[in-house]
Amino acid sequence: MFTHDIVIVGGGGAGLRAAIAAAEMSAKLSIAIVSKVYPMRSHTVSAEGGTAAVLRDFDSLDLHAKDTIFGADFLADQDAVEAFVTEAPGELIQLEHWGCPWSRDPDGRVSVRSFGGMSVDRTLFAADKTGFHLLHTLFQTSLKYDNIIRYDECFLTSLLVDDGKVCGVTSINLYTGRVEVIAGKTVILCTGGGGRIFPFTTNAAINTGDGMAAAYRAGVALKDMEFVQYHPTGLPGTGILITEASRGEGGWLKNKDGYRYLQDYGLGPPTDKPTHRKMELGPRDILSRCHMQELAKGRTFEGPYGHYVHLDLRHLGEEIINKKLPFVRELASKYVGIDPVYEPIPVRPVVHYMMGGISTDINAKTSLAGLYAAGETACVSLNGANRLGSNSLTELLVFGTRAGRTAAAYATTIAAPAAAAIDALAADEQRRLDRQFLRKDGGKERIATIRQEMQQAMEEGAGIYRDEQKMEKTCKTLRTLRERFKDIVIEDRGSTFNTEVMTAFELDFMLDVAEAVANSALKRRESRGSHTRTDFSKRDDENFLKHTLAYRTPDGPRIEYLPVTITRWQPEERKY
Amino acid sequence: MAEPTITLNVTRYRPGQDQAPTTQAYAVPYKQDWVVLDALNHIKDQIDGTLSYRWSCRMGVCGSCGMMVNGVPKLTCAAFLRDYYPHEIRVEPLVNFPIIRDLVIDMSDFLDKLKSVKPWIIRKEEKPVAQGEYLQTPAELEAFHQFTQCINCMLCYAACPVYGVEPKFLGPAAIALGYRYNMDSRDQGKEQRDVIGNHDGIWDCTFVGECSVVCPKDVDPAAAIQRSKVDTTKNWFQSILMPWGER
Amino acid sequence: MSGTRPDPSKLYRPKIPATWWLRKKSYFLFMLRELSSVFIALFLLVYLYQIYQLTRGPEAYVAFSRRLSSPGWIFFNLIALLFAVYHSVTWFQSTAVVLPVRLGERLVPRQIVTALHIGAWIVVSLGVLILFLALKG
């Protein structure tokens, strides 16, 4: 058994940043990073567009806060937003000092670009592979610290909780197939989102909500799970992300008549050059809804993978595309055979981000002593009912640092967990895993079948437009799938690198996350941000200006509510 | 009319069970825009759940899915079935690495080497964050930018015959990363990256050049290595002829 | 630092065959490039020996030159010449990789840099040939 002061699960942007923050506080702290993949494979790597902070004179912290709160449809906790915008600039400059290759202005300063829902240019970028550069910079910098120990390819299976305090995690060491207990005084969950509960997503295979489900099972609430962001521009078929930066640089969205349709939905007037917060730089939830309405009017294209519209970049010219959007050009050429210099790219809305997650306060603390969470897996709430593009990468850094520092400070005040208690808990976990997965015999359901049915149910009931009937049906279907999951067949009996058992774990976690999403959505009888209902189409501040909390029970989630923290921005109508 | 299919001949290796790797043939549906990774996922989901391989982003940026496709190191998320159809496709784990299981290879040597080049900014004095960013012109960024693009997919190690016969060789990606930091105007740590100039570093390289040919991100590690040779040689002469000068 | 690693006893380590360079065209061409140095070295040895014969006087030199005009030696010289040309062309290709040439903001494509080197080499060679013929005449 390994024992550390801080055990961080997840080696993406938030996890690495938390580890570095803790490592810098004291060389005597022992910090573990437990990840089911090597850190440079984490999904942070796919982020493209940029990361926002107030760095220029024409900008202000209040403006960034207002944009964020407005974009969140007033469901964001304003104290969290204020802390976020204040700490964001320092975090991005720190990244620069660590070597991040930000794109630069001629005078040598870091460049900023326009992004959806932002009033001014404040999104820093590294060409159009910002997440890639951020992740690699953090990973390479983390190698400096001898007190950060990595447990690569260790799959989290549960949190160890003794006497109301978290005391570590159990994981499966993929190389041996055995349970690896990693004990710790504190645990920080940075396991990312769960987009793979949907059939069509920008998310990588690994985004299965593992940490969210683990916290949920340990009695921690999942907050605001119903808010799932659809990114308006993903490639049809694969769901591969085409960054918002392509619209920030001036790209146009056109329906099948070649018409810039966003002007019909209150986002006009259409201008040749992008105007902040208007047209193609509107917030993501509104743009995705516009696409669906165009579909309802029969004005979208129809292709082998369903409906799509055009993202036209031709007027930007080859030089700008090669300089600012080279990865977009590469992706479009490779995966849909389109060169955006000469032809418009086919795009459609695709599940991208979960605003909801493990409920934390503004210091990344959860309701379970010693447990923290940061990044997409957490819900502070910074992003409320809808996230603005380029706030997420910054969120990883700001709240990753907060989680690392808070956990480190707490770890120095408490004693190491008792080995006997941990051994007992670990033995229980080994028995559970043997029974349900590792030594499971028989079964007749294929893992892929249950997974696909879950994804179908989520698409039907928890998509862009929701109603009572469809959501109820989805909740029921998920309960049935939970039962059927007990009957899965596991063909791979090997212990070395058994990825079939891994996909079974992931499906197990995803079913929990999906239930939290669907049930939270069913109970929220209003439309706000990315949660849009055809039966309750208006925002209802009187009854629903509050966060949804989903608690796990054997029969499904129990829903409670938590008020939103309002400091200086009173809710108003959200018009762009 | 039956759906068209294509056959994949995939390496299988189960430690403890198999003495040596074997090959298993699978017939998968042929779809025009499927990549080899889609075919592998189909096998795992519908035909044989025991096949193990790594993958994640499916868009060529995470570096997980590198394998040998018909003897050429490729990202399987970027190898389209239509480029091979109707012929059979051989899918094998990356060569020059020990095999853990099926198509999964052991990367720990690579990660050790990555760390050994000290891939972080090293400075004599750090500027406080409150004072803002280090200024760096677009031209200074251009000088090392291409070498920042490495996704750690290790196709270059699979292509390098030197790494195959001499496992102590630092290798293309690690050296290119060290070079990236040496060329970054903000870095001052060239002397500390001495592992690059050692005899298992750049001097093991005989410029076969295959690393740059297979690199999916055009990092051109071969260029980084040869330029490092020129740099190191220049520095050595300078230190001999002008020992009083600052390097 | 890493806390988990694969168990070395369970890993399978494929052996690299000694004929690895026959499996791929690019590897084979690489070996030929390396071999070219051997032929250049051999040619140089013969050439040095020929110069040495010069110091031994006209009879020794003429006798040696006559031996060099046997078909075997001519064949050797031909092969050495081919290898020397291959060596030089690949050398110029390498030069283009090692020394990037910038014209303002843009990078000069490598094929052009190589072509310019080869062009200069041809010009110099022609110059030497013309000089030789002029001095001879």
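**Exercise 1. Helix α5 of chain A**

Which residues of α5(A) are buried?

*Solution.* The buried residues of α5(A) are Asp210(A), Gly211(A), Met212(A), Ala213(A), Ala214(A), Ala215(A) and Tyr216(A). Here, buried means under 20% relative accessible area, exposed means over 50%, and partly exposed lies in between (1.4 Å probe, protein chains only). Helices (H or I, at least four residues) and strands (E, at least two) are DSSP runs, numbered from the N terminus.

The structure is a predicted model, in which local features need pLDDT of at least 70 and side-chain atom pairs count only at pLDDT 80 or more, whereas totals for chains, interfaces and linings use all residues. Residues are numbered from 1 along each chain as its sequence is written, chains are lettered from A and ligands numbered from 1 in the order in which they are written, and side-chain values use heavy atoms, with hydrogens and water left out.

The helix spans residues 210-217, and seven of its eight residues are buried, so α5(A) is largely enclosed by the rest of the structure. After α5(A) comes Gly219(A), with a positive phi near 95 degrees.

**Exercise 2. Unusual backbone angles**

Which residues other than glycine have a positive phi here, one near 65 degrees and one of about 55 degrees, and are they buried or exposed?

*Solution.* The background comes first. Most residues other than glycine have a negative phi, and most peptide bonds are trans.

- Phe74(A) has a positive phi near 65 degrees. Its place is the loop between α2 (61-71) and α3 (78-97) of chain A. Phe74(A) is buried, at 2% relative accessible area.
- Glu153(A) has a positive phi of about 55 degrees. Its loop runs between β6 (148-152) and β7 (154-162) of chain A. With a relative accessibility of 3%, Glu153(A) is buried.

Where are the prolines that follow a cis peptide bond?

*Solution.* One such bond joins Gly268(A) and Pro269(A), with omega about 5 degrees; Pro269(A) sits in the loop between β12 (252-254) and α7 (284-296) of chain A. Another joins Tyr85(B) and Pro86(B), with omega about 0 degrees; Pro86(B) sits in the loop between β4 (72-75) and β5 (89-92) of chain B.

**Exercise 3. Helix packing in chain C**

Describe how α1(C) packs against α2(C) and against α3(C).

*Solution.* Begin with the angles. Axes are lines fitted to C-alpha atoms, for helices over the stretch in contact, and angles run from 0 to 180 degrees between N-to-C directions. Angles under 35 degrees count as roughly parallel, over 145 as roughly antiparallel, 65 to 115 as roughly perpendicular and the rest as oblique.

The axes of α1(C) (residues 25-55) and α2(C) (residues 58-68) come within 8 Å and cross at roughly 150 degrees. The two helices are therefore roughly antiparallel. Residues making this contact (heavy atoms within 4.5 Å) include Val46(C) and Tyr49(C) of α1(C) and Phe64(C) and Leu68(C) of α2(C). By class, the contact has seven nonpolar, three polar and no charged residues. In this scheme Ala, Val, Leu, Ile, Met, Phe, Trp, Tyr, Cys and Pro count as nonpolar, Asp, Glu, Lys and Arg as charged, and the others, Gly among them, as polar.

For α1(C) and α3(C) (residues 71-98), the angle is about 125 degrees and the axes are 8 Å apart. These helices are therefore oblique to each other. Among the residues in contact are Phe39(C) and Phe43(C) of α1(C) and Phe76(C) and Phe83(C) of α3(C). The classes are 15 nonpolar, five polar and one charged.

**Exercise 4. The nonpolar core and a helix pair of chain A**

Which residues of the largest nonpolar core touch the most other members?

*Solution.* A nonpolar core is a set of buried Ala, Val, Leu, Ile, Met, Phe, Trp, Tyr and Cys residues joined through side-chain atoms within 4.5 Å. The largest has 250 residues, and Leu189(A), Ile197(A), Met454(A), Leu8(B) and Leu40(B) touch the most other members. Helix α14(A) (residues 499-523) contributes the largest share, 15 residues.

Next, place α14(A) beside α12(A) (residues 447-461). Their axes are 10 Å apart, at an angle of about 20 degrees. The helices are therefore roughly parallel. Met454(A) is one of the α12(A) residues that meet α14(A). The contact comprises 11 nonpolar, one polar and two charged residues.

Finally, turn to chain B. Beyond four places in sequence, the contacts of Leu8(B) include Tyr26(B), Leu40(B) and Val91(B).
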